[in-house]
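This report describes how secondary-structure elements are arranged in one protein model. Two topics are treated in turn: the packing of a helix pair and the architecture of a sheet.

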Amino acid sequence: MENHEYFKVWQEGLFQGKACLITGGSGTICRQQAAALMKLGCSVSIVGRDQEQVDSVVSLLEKIGAQAKAKVVGFGGCDVRSIESMAAVVAKTVSAFGKIDYVICGAAGNFMSDFNHLSANAFKTVVDIDLLGSFNTVKACYPELVKSKGSVLFISATLHYYGVPFQSHVGAAKAGIDALSNALAVEFGPIGIRCNCIAPGPIGGTEGFNRLVPNKKNFESKIPLQRVGRTKDIANATIFLFSPAAEWITGTVMVVDGGFWQMGNFNTLEMYPDVLKQKLLEKPKL
Ligand SMILES: NC(=O)c1ccc[n+]([C@@H]2O[C@H](COP(=O)([O-])OP(=O)(O)OC[C@H]3O[C@@H](n4cnc5c(N)ncnc54)[C@H](OP(=O)(O)O)[C@@H]3O)[C@@H](O)[C@H]2O)c1
């Protein structure tokens, strides 16, 4: 967890009395979003599959919440691919906090694979976790969002802004998330619910970054703002998009990437085309 000095730019108590449900809240980026919200008074519900992981993040967050009078609850054993599973954690969250004001759809899966080695099942798994999981999360939270006139934050990526080799599954899933966010923003606007999306660039210290950027030498110099992202960069964007300062913002995808995607795709350039060609001509996998 990063330190919280940067939150001095945000007003203390900004989210006092509010409650947020976060899928993927035990992950590297989303736990920082949770910490930021709690620091400003928001209670949070952390949702994931691995109970131990959820418990360890909850105990980290309890210390942060104690100072800001914000509570944290955690629910392991929840798979976002199951609407019943999501409905159950929503019910438990409402019984803990009495409401849900904010929702972050952060749960995701990722791995590197060229098309030839990507099984139909592997493709479906990523689309199910990222896209169907985001749909299920909003679906299960919807009655509470209607009551609170709440706000939804999807998490996508920039991988579908151009063709990124070894990431066709994630690019397809994340493109779907952007589309879902845009459509729901339009549908929900008249009943007072806002929907936005954050598209993070490469965030240092995450498993995804380590996998996608195996060679980090000179990598930062290729990012216009000359450094990789930090989890707090995503947390800051989160606070802004949930805050009243964004009350007239819905249906936007906020890219938080130091300008990286504008440079084109450097991540996998070293493997292009030789490694890729070799893999594409190996025995196909069904
Ligand atoms: N890291 C980056 O540089 C980067 C760049 C662009 C976009 N993003 C996006 O930012 C978000 C957070 O990324 P991260 O790097 O922090 O990921 P992470 O550390 O791998 O966390 C992912 C979280 O999702 C949960 N999860 C996965 N499958 C799930 C399922 N079926 N049901 C419920 N929960 C599930 C995991 O918990 P369990 O395994 O316990 O379920 C974990 O808490 C993701 O949406 C990712 O695609 C990240």
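How are α1 and α7 oriented to each other? The model is a predicted one. In it, helix α1 (residues 28-39) packs against helix α7 (residues 231-242) at an angle of about 50°, and their axes lie 8 Å apart. An angle of this value is neither under 35 degrees, nor over 145, nor within 65 to 115, and α1 and α7 are therefore oblique to each other. Their crossing is right-handed. On the α1 side, the contact is made by Thr28, Ile29, Gln32, Gln33 and Ala36, while α7 contributes Thr231, Lys232, Ile234, Ala235, Thr238 and Ile239. By character, the residues of this contact comprise five nonpolar, five polar and one charged.

The sheet is open and consists of seven strands with parallel pairing, in the order β3-β2-β1-β4-β5-β6-β7. Strands β3 and β7 occupy the edges, each with a single partner strand, so one side of each has no neighbour in the sheet. On average, and with direction ignored, neighbouring strands are turned by 15° against each other.

Within this sheet, β1 and β2 run parallel and are joined by five bridges; cysteine 20 stands opposite valine 44 in β2. Helix α2 (residues 51-68) packs on the sheet, where it touches β2 and β3, and its direction makes about 175° with that of β3.

The residue ranges of four strands are listed below.

| Strand | Residues |
|---|---|
| β1 | residues 19-23 |
| β2 | residues 43-47 |
| β3 | residues 72-75 |
| β7 | residues 253-256 |

Definitions and conventions: Residues numbered from 1 in each chain as written. Predicted model: local features only at pLDDT ≥ 70, side-chain atom pairs only at ≥ 80, totals over all residues. Axes fitted to C-alpha atoms, helices over the stretch in contact; angles between N-to-C directions. Helix = DSSP H or I, 4+ residues; strand = E, 2+ residues; numbered from the N terminus. Left-handed = near helix turned anticlockwise from the far one by under 90°. Contact = placed C-beta atoms within 7 Å. Nonpolar A, V, L, I, M, F, W, Y, C, P; charged D, E, K, R; others polar. Pairing = 2+ DSSP bridges.
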